[in-house]
Amino acid sequence: MSKVPCKILIVDDEEDILVAGRLLLKQYFATVLTTSDPYHIPAMLQEHGFDVVLLDMNYSTGATSSKEGFHWLKQIINLSPKTTVILMTAYGDIELAVRALKEGASDFVLKPWQNEKLVAILKNACQNKISESRQSGEVTAKQNTTFHYDEFIGVSPAMQRVYQTIDKVAGTDANVLILGENGTGKEVAARALHRKSKRADKAFEKVDLGAVSETLFESELFGHAKGAFTDAKEDRAGRFEAATGGTLFLDEIGNLSLALQAKLLTALQSRQIIRLGTNKPRPIDIRLICATNMPLYNMVREGTFRQDLLYRVNTVEILLPPLRERREDIELLANHFLQIYTQKYDRPALKMSESTLRRLKEYHWPGNIRELDHAMERAVILCDGTELHPDDFYLAPNESSQMQQEMQPKINADEHTLESLEKLMVQKALVKHAGNITHAAKELGITRTALYRRIEKHGL
Ligand SMILES: Nc1ncnc2c1ncn2[C@@H]1O[C@H](COP(=O)(O)OP(=O)(O)OP(=O)(O)O)[C@@H](O)[C@H]1O
């Protein structure tokens, strides 16, 4: 029996269902893949371009489960409009299924399914796909996929979690703290939060706290009255007031001195500011978003960042993962920047070679997306032929692993006490995982808390 040339993805958090579905369907269809984690859907769609997704509506994350099913239905339709979605739902969830059909699903099957019925529904969906693509001359659903979320590009599970958090928190006035290395998209996230908020049509005021001097801090943030200091030629509102009704984005909050942290905290706690040279308090109406690439929690432990200020600004935290921890996104981002710069520099024929893509995917990207952006621009400008080669990028070969090796402490057990060996092991794991506590703890076989204790103990 020849198999239907169709790519099917089954998404369900119950492993038994996945195994049963795969065993049944692979007898009839060319490709059947499964995942128990819906956060992997976008990356899998990008990689495989599925014709049909068989999607469970209920995930074990609790009461809002059907909401999650609708979320992923919407995601699939947005990301890959040509992919057919068939829902799996329990008996009694018919109303839910009807709503899902209205929202774009093509069909639904009841669980537990009858084998012949499931196969028939899927064959039907696949046949429709095949005739649609013949008519339009397309090969798979893959060509029509788009992987944008606001200004973000990225399909990795880590970024899906970021998008979902932004969706959940954007409509509230909760203070948000965005953490992440340089160039990971903290400002992109802050702008997305603003655009998706009730304050979207009001100001988005960004203040780079790293660039505001100690002496100008108060006048810059809180404003001043004419004559408050030598250069104060007229009354001026500060950034808090300029952001009234909108969002105030305080970037690089980790760079504030303790004295300035105290001033900022006072304003946030009292929800009012006083312009320099006046004594009239003015109420503030802002949504606060802060960002930093500094390790604020360590800084609190070291006494260089106030704990009360941290708790004031971090009602919700968003952690943007470094690019090297979401390599699934590199190809998409590289193509995105390639398109921008081939247009900008009028080089429409320029393509990336296979080896270039491989190299870009392997590279460590310490400067994250900003570095990829600049590397692509430089390569497009400097490249002579019609194909970009690894050499056009000036990425030191194996820089990351070489660098890591150099940074790795060498361990010679004979020269150490148990105590110093422990310190070295912790250091080694932290370097290897670029400071990622979860991964380092996993490698050492201890809990995150136990790792934090050891970091503190050894003063690392
Ligand atoms: N997921 C993404 N998709 C597309 N472009 C991105 C993405 N993330 C970041 N960028 C781009 O990368 C650059 C750096 O992003 P951004 O300024 O938001 O980073 P950042 O974390 O705030 O950096 P820094 O810590 O240096 O201030 C910007 O040009 C931004 O548009």
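Which residues does UniProt list for "domain: Sigma-54 factor interaction"? The unreviewed UniProt entry gives residues 152–381 for this feature, and selecting that range is a convenient way into the model, which is a predicted one. Over residues 152–381 the chain is 43% helix and 17% strand, with the end C-alpha atoms 24 Å apart.

Next, show the whole chain and colour it by secondary structure, where 19 helices and 18 strands should appear. Of the 460 residues in the chain, 32% are buried, and among contacts between residues at least 6 apart in sequence, 70% join residues at least 24 apart.

Now recolour by domain. The domain assignment divides the chain into domain 1 (4–144), domain 2 (152–320), domain 3 (328–397) and domain 4 (408–457). If you place a marker at the C-alpha centre of domain 1 and another at that of domain 2, they will lie 42 Å apart. The contact between these two domains takes six residues from domain 1 and five residues from domain 2, and on the domain 1 side the residues that touch domain 2 comprise three nonpolar, two polar and one charged.

From here, turn to the interior and select Ile8, Val52 and Ile178, which have the most contacts inside the largest nonpolar core, a set of 73 residues. Strand S1 (residues 4–11) gives the most to this core, contributing six residues. Because domain 1 (4–144) and domain 2 (152–320) both give residues to this core, it lies between them.

Centre the view on Ile178 and display its surroundings: leaving aside residues up to four places away in sequence, Ile178 touches Lys186, Ala189, Ala190, Ile289, Ala291, Ile318 and Leu320. A second, separate core, with 17 residues, can then be picked out by selecting members that include Leu372, Ala375, Met376 and Val380.

The last stop is the ligand. Which residues are the closest to it? Of the 17 residues that surround the ligand, the closest are Ile153, Gly185, Lys186, Glu187 and Ile369; Lys186 was also among the residues that Ile178 touches. To see where the shell comes from, select strand S7 (152–153), helix H7 (186–195) and helix H15 (368–382), each of which supplies at least two residues of the shell. Coloured by class, the residues of the shell divide into five nonpolar, seven polar and five charged. Why does the shell around the ligand lie between two domains? Domain 2 (152–320) and domain 3 (328–397) both give residues to the shell, so it lies between them.

Terms used: Residues are numbered from 1 along each chain as its sequence is written. This is a predicted model: local features need pLDDT of at least 70, side-chain atom pairs count only at pLDDT 80 or more; totals for chains, interfaces and linings use all residues. A nonpolar core is a set of buried Ala, Val, Leu, Ile, Met, Phe, Trp, Tyr and Cys residues joined through C-beta atoms within 7 Å. A residue is buried if 20 or more other C-beta atoms lie within 10 Å of its own, exposed if 12 or fewer, and partly exposed in between; C-beta atoms are placed from the backbone. Helices (H or I, at least four residues) and strands (E, at least two) are DSSP runs, numbered from the N terminus. Domain bounds come from an automatic or database domain assignment. Two residues are in contact if their C-beta atoms, placed from the backbone, lie within 7 Å. A residue is near a molecule or strand if its C-beta atom, placed from the backbone, lies within 6 Å of it. Ala, Val, Leu, Ile, Met, Phe, Trp, Tyr, Cys and Pro count as nonpolar, Asp, Glu, Lys and Arg as charged, and the others, Gly among them, as polar. UniProt positions are given in the numbering used here, feature names are shortened, and annotations may be inferred rather than shown by experiment.
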